[in-house]
Amino acid sequence: MEVKGAEQRTGTVFLYEMLGTALFIYGIMLTNNPVSIAFSLFASIMIFGAVTGGHFNPAVTLGVYISEGKYSENAGWLAIVWCAQVLGGLLGWGLCELTLFGDKLGSIPEGDVAILCPQDPTNTDASKSVCDGAQGFNLDFQVLANEILLTAVFVSVILMVKGGAKTTFSADGAAGALAIVLVLLGCIKTGGKLGGCLNPAVGLTLSANQTMHLDNSDGIYSHYTYAYILGPLLGGALAGGFALLHRPHFDDAGKARKAA
């Protein structure tokens with residue numbers, strides 16, 4: 001949408017957005033470590049961002065779509081990029097099935113399954129990860145609000161970077177990409193106890209993966225899936241709306257700097 005000439009290479013944009021999302025989610029599922037997650041995104045942006053805009057996140061795409069303000073013109077692009085991201089998540093999941101399996105293909109050992117869930121507030125053992133839900137689900141509002149707020153911050157930073165330095169193979173592009181991943185790292189660390197997903201493709205893929213490979217008889221690995229999909233989308237929409245309203249001030253400030 002925001003990359004010049006993208007409409008002339010729709011197939012390439014679709015492919016690169018899918019591959020970049022797959023690389024990003026593959027990195028998440030391999031380690032589930034915030035630092036590794038941030039640098040998986042950095043790698044995807046630097047490899048594929050100049051062609052696609054470096055979204056790899058449906059919430060970012062929605063934010064860009066709203067901030068551009070060309071709703072009829074870009075509706076098709078929104079659908080294309082979203083499809084690429086969902087397929088990229090499935091591809092990343094498939095790669096994990098090929099590299100993390102235990103005694104047979106399709107059986108990832110429990111300790112290697114990346115887990116996405118809010119932590120049980122009644123758990124007193126800080127060294128042990130315990131998903132909320134064993135004694136009832138009590139964090140729906142908190143998880144949804146956390147996803148909305150942190151995604152809005154994360155996507156807002158991305159939109160501000162896109163308003164200045166583009167995600168290209170330049171020093172400015174590298175600095176912008178680094179700023180984005182550092183904000184992502186901070187958001188993940190801040191919202192970690194509630195999941196800190198910020199990406200519907202990640203929420204969908206990790207929830208499906210953990211539901212398949214772990215005992216989900218009490219629903220602890222699937223109950224909050226809706227929040228990890230809906231929350232980031234609402235946060236991306238808020239960021240896009242803010243950027244649309246804020247852009248005239250941003251442009252005026254840029255013109256003033258150039259005039260000076």
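**Close-up views of a predicted model**

**View 1. The N-terminal end of α7 is capped by Asn199.** A side-chain oxygen of Asn199 lies 2.9 Å from the backbone nitrogen of Ala201. The coordinates come from a predicted model. Helix α7 has 14 residues, and its first and last C-alpha atoms are 20 Å apart, close to the 20 Å expected at 1.5 Å a residue. Of the 14 residues, 10 are buried, so α7 is largely enclosed by the rest of the structure. The buried residues of α7 include Pro200, Ala201, Val202 and Gly203 towards the start of the list, with Asn209, Gln210 and His213 also among them. Thr205, Leu206 and Ser207 are buried as well.

**View 2. Leu198 has a positive phi in the loop between α6 and α7.** The phi of Leu198 is near 70°, although the residue is not a glycine. Most residues other than glycine have a negative phi. With a relative accessibility of 1%, Leu198 counts as buried.

**View 3. Phe56 has a positive phi in the loop between α2 and α3.** Its phi is about 55°, and Phe56 is not a glycine. Phe56 is buried, with a relative accessible area of 0%.

**View 4. Phe39 and Phe42 form an aromatic pair in helix α2.** The structure holds 4 aromatic pairs. In the pair of Phe39 and Phe42, the ring centres are 6.3 Å apart and the planes meet at 65°, so the pair is edge-to-face; the cut-off for that class is an angle over 60 degrees. Helix α2 covers residues 34-52, and the two phenylalanines are 3 residues apart in it, about one turn of the helix. An α-helix has 3.6 residues a turn, so residues three or four places apart point the same way. Both rings belong to partly exposed residues: Phe39 has a relative accessible area of 46%, and Phe42 has one of 23%.

**View 5. Leu41 and Phe154 have the most contacts inside the largest nonpolar core.** This core has 59 residues. Helices α1 (10-31), α2, α3 (58-68), α4 (71-99), α5 (140-162), α6 (171-190), α7 (200-213) and α8 (225-259) each supply at least two of its residues. The most comes from α5, with 7 residues. In soluble globular proteins, nonpolar side chains tend to be buried together. Beyond its neighbours within four places in sequence, Phe154 is in contact with Leu41, Asn57 and Val60, and also with Ile180, Val183, Leu184 and Cys187.

**View 6. Helix α4 has the span expected from its number of residues.** At 1.5 Å a residue, its 29 residues should span 42 Å, and the end C-alpha atoms are 41 Å apart, which agrees. The buried residues of α4 include the tryptophans Trp77 and Trp93 and the glycines Gly88, Gly89 and Gly92. Asn74, Gln85 and Glu97 are also among the buried residues of this helix. The elements that cover the buried residues of α4 include α1, α3 and α7.

**View 7. Over residues 165-171, pLDDT stays under 50.** The model has 18 contacts beyond four places in sequence for this segment. Where pLDDT is low, the predicted coordinates should not be read in detail. For the protein chain, the mean pLDDT is 84, and 87% of the residues reach 70 or more.

Methods
Residues numbered from 1 in each chain as written. Predicted model: local features only at pLDDT ≥ 70, side-chain atom pairs only at ≥ 80, totals over all residues. Heavy atoms only, no water. Phe/Tyr/Trp six-rings, centres within 6.5 Å; stacked < 30°, edge-to-face > 60°. Helix = DSSP H or I, 4+ residues; strand = E, 2+ residues; numbered from the N terminus. Buried < 20%, exposed > 50% of the residue type's maximum accessible area, 1.4 Å probe, protein only. Core = buried A, V, L, I, M, F, W, Y, C linked by side-chain atoms within 4.5 Å. Contact = heavy atoms within 4.5 Å. Expected span 1.5 Å × (residues − 1). pLDDT = per-residue confidence, 0-100. Polar contact = N/O pair within 3.5 Å; in protein donor to acceptor, adjacent residues only side chain to side chain.
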